[in-house]
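Visitor: I would like to learn how to read a model like this one. Where do we begin?

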Amino acid sequence: MVEMTRLQAVRSVLNTLSDELLVVTTGFLSRDVFCLGDRKENFYMCGSMGNAYPIGIGIALNTPKRNVVVLSGDGAALMSLGSLALGNSLKLPNLRHVIIDNGKYVSTGGQPTCSDGIDFSQFHNTQVINVTSDETASPRITLNPVEMADRFRSCCK
Amino acid sequence: MTYNECKAQGFDFIVGVPCSSLKVFIECLRQDEAMRYVPVQREDTAVALAVGAFFAGKKPLVFMQNSGLGHIVNIVSSLLIPYDIPLHFLVTMREQPFEHEHMFAITKPLLSLLGIESRTFLINAASHG
C-alpha cells in the first residue's frame with residue numbers, strides 16, 4: 001500500500017469526482033476540500049460532527065439518480081457508528097463513503113481515536129484510506145454558511 | 001392529530017426514533033406505500049437524514065421521544081441554526097415513570113433555548129385515520 005498524507009488522500013478523492021454531490025465532515029477535511037477543490041456540489045458540514053454520513057443517506061435516499069459521496073475522518077465515523085450500520089442495512093447503490101483514517105483527532109491536537117478497534121471496510125460502499133500523520137491546517141472556509149447550503153441544495157434538485 | 005392529518009401538512013419524508021406514544025403513528029407510516037420507513041438508531045441521525053432530504057427538495061418531519069432531545073442539541077445548534085435549515089419535529093411528552101420526570105419538566109424550555117418554536121397538541125393514539 002502506498003502511504004499518503006491527508007492532503008494527498010483528499011486530492012486523490014477529489015480527482016475521482018465529476019458531478020457527484022459531496023458531503024464533507026467537520027474539521028480539517030472540510031477546510032482541505034474547500035482549499036483544494038471548492039465546487040457548488042460540495043457541502044461543508046462545519047459543526048455537528050459525525051453527521052456527514054447520515055446527511056449523505058438522506059440525500060441519496062431522495063435523489064436516486066444522483067451519486068453521493070461522503071468524506072469522513074475516522075473520529076467522525078466512530079461518532080455515529082449506528083449510521084454506518086444503517087448504511088449497511090439500506091445498501092443504497094448511489095452512496096459512497098470515503099473514510100480518511102489517521103487514527104487521530106488531528107484538528108484538536110492529534111489525540112488518538114480507537115479506529116484500530118474497527119474495520120471500516122466492512123461497511124457498504126466504504127473505502128478506507130490510511131494516511132500518515134499530517135497536521136498541516138488548511139485555511140478556514142470563507143463561504144457564508146446559509147449561501148453555501150442554498151448553493152448545495154440547488155445542485156441536489 | 002393523526003398520521004393522515006400530519007401528512008396533509010405536506011410532509012413527504014418522515015423519519016425518527018420510536019416512542020410508545022407514537023406506535024399507531026409509526027404503524028401508519030410503515031404501511032404508507034408513498035413513504036419509506038427508515039430504521040434510524042438515534043435522534044441526531046434522524047435529524048441528519050432529514051437535512052439530507054431537505055437538500056433533496058423534501059419537506060421532512062422528525063419524530064422522537066422527549067427523552068432523546070438531548071441528542072439533537074449539537075446538530076440543531078451547529079447545523080440547523082447557522083445554515084438556516086428549517087425542520088419540523090414531533091416530540092412526545094413522556095412524563096412517567098420517574099426517569100421521564102425531569103426531561104418532561106424541561107422539554108419546552110429546552111426547545112425554547114434551542115430556538116425551536118413549539119406548540120402542544122393531543123395525538124390520537126388509537127386512530128389510524
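Guide: We will go through the sheets, the interface, the core and one helix residue. Keep in mind that this is a predicted model.

Visitor: Take the sheet of chain A. What is the order of its strands?

Guide: Strands of a sheet pair through backbone hydrogen bonds, either parallel or antiparallel. Here the order is β2-β1-β3-β4-β7 in chain A, an open sheet of five strands with parallel pairing. Neighbouring strands of this sheet are turned by 15° against each other on average, direction ignored.

Visitor: Which strands stand at the edges?

Guide: β2 (42-44) and β7 (126-130) of chain A. Each has a single partner strand, so one side of each lacks a neighbour in the sheet.

Visitor: How many bridges join β3 to β4 in chain A?

Guide: Six bridges join β3 (residues 68-73) to β4 (residues 95-101) of chain A, and the two run parallel. For a landmark, find A:Val68, which stands opposite A:Leu95 in β4(A).

Visitor: Now chain B. Which strand does β1(B) pair with?

Guide: β1(B) pairs with β2 (residues 60-65) of chain B, parallel, over four bridges. B:Ile14 stands opposite B:Leu61 in β2(B). Both faces of β1 (residues 13-16) of chain B are covered. B:Phe13 and B:Val15 are buried on one side, B:Ile14 and B:Gly16 on the other.

Visitor: How many residues of chain B are in contact with chain A?

Guide: The size of an interface is often given as the accessible area lost when the parts come together. Here we count residues: 26 of chain B are in contact with 26 of chain A. On the chain B side, α3 (43-55) and α4 (73-80) each supply at least two residues. α3(B) gives the most, with nine residues. That side of chain B divides into 15 nonpolar, six polar and five charged residues.

Visitor: Which residues touch the most other members of the largest nonpolar core?

Guide: In soluble globular proteins, nonpolar side chains tend to be buried together. The largest nonpolar core has 77 residues, and A:Val24 and B:Ala50 touch the most other members. α3(B) gives the most to this core, with nine residues. Leaving aside neighbours within four places in sequence, A:Val24 has contacts that include A:Leu29, A:Phe43, A:Met45 and A:Leu71.

Visitor: Last, B:Met103. Why is B:Met103 classed as partly exposed?

Guide: Because 18 other C-beta atoms lie within 10 Å, and 20 or more would make a residue buried. B:Met103 lies in α5 (residues 101-113) of chain B. Leaving aside neighbours within four places in sequence, B:Met103 is in contact with B:Asn66, B:Ser67 and B:Leu69. B:Met103 and B:Asn66 are 37 residues apart in sequence, yet 6.8 Å apart in space, C-alpha to C-alpha.

Terms used:
Residues are numbered from 1 along each chain as its sequence is written. Chains are lettered from A and ligands numbered from 1 in the order in which they are written. This is a predicted model: local features need pLDDT of at least 70, side-chain atom pairs count only at pLDDT 80 or more; totals for chains, interfaces and linings use all residues. Two residues are in contact if their C-beta atoms, placed from the backbone, lie within 7 Å. Ala, Val, Leu, Ile, Met, Phe, Trp, Tyr, Cys and Pro count as nonpolar, Asp, Glu, Lys and Arg as charged, and the others, Gly among them, as polar. A nonpolar core is a set of buried Ala, Val, Leu, Ile, Met, Phe, Trp, Tyr and Cys residues joined through C-beta atoms within 7 Å. A residue is buried if 20 or more other C-beta atoms lie within 10 Å of its own, exposed if 12 or fewer, and partly exposed in between; C-beta atoms are placed from the backbone. Two strands pair if DSSP finds at least two bridges between them. Axes are lines fitted to C-alpha atoms, for helices over the stretch in contact, and angles run from 0 to 180 degrees between N-to-C directions.
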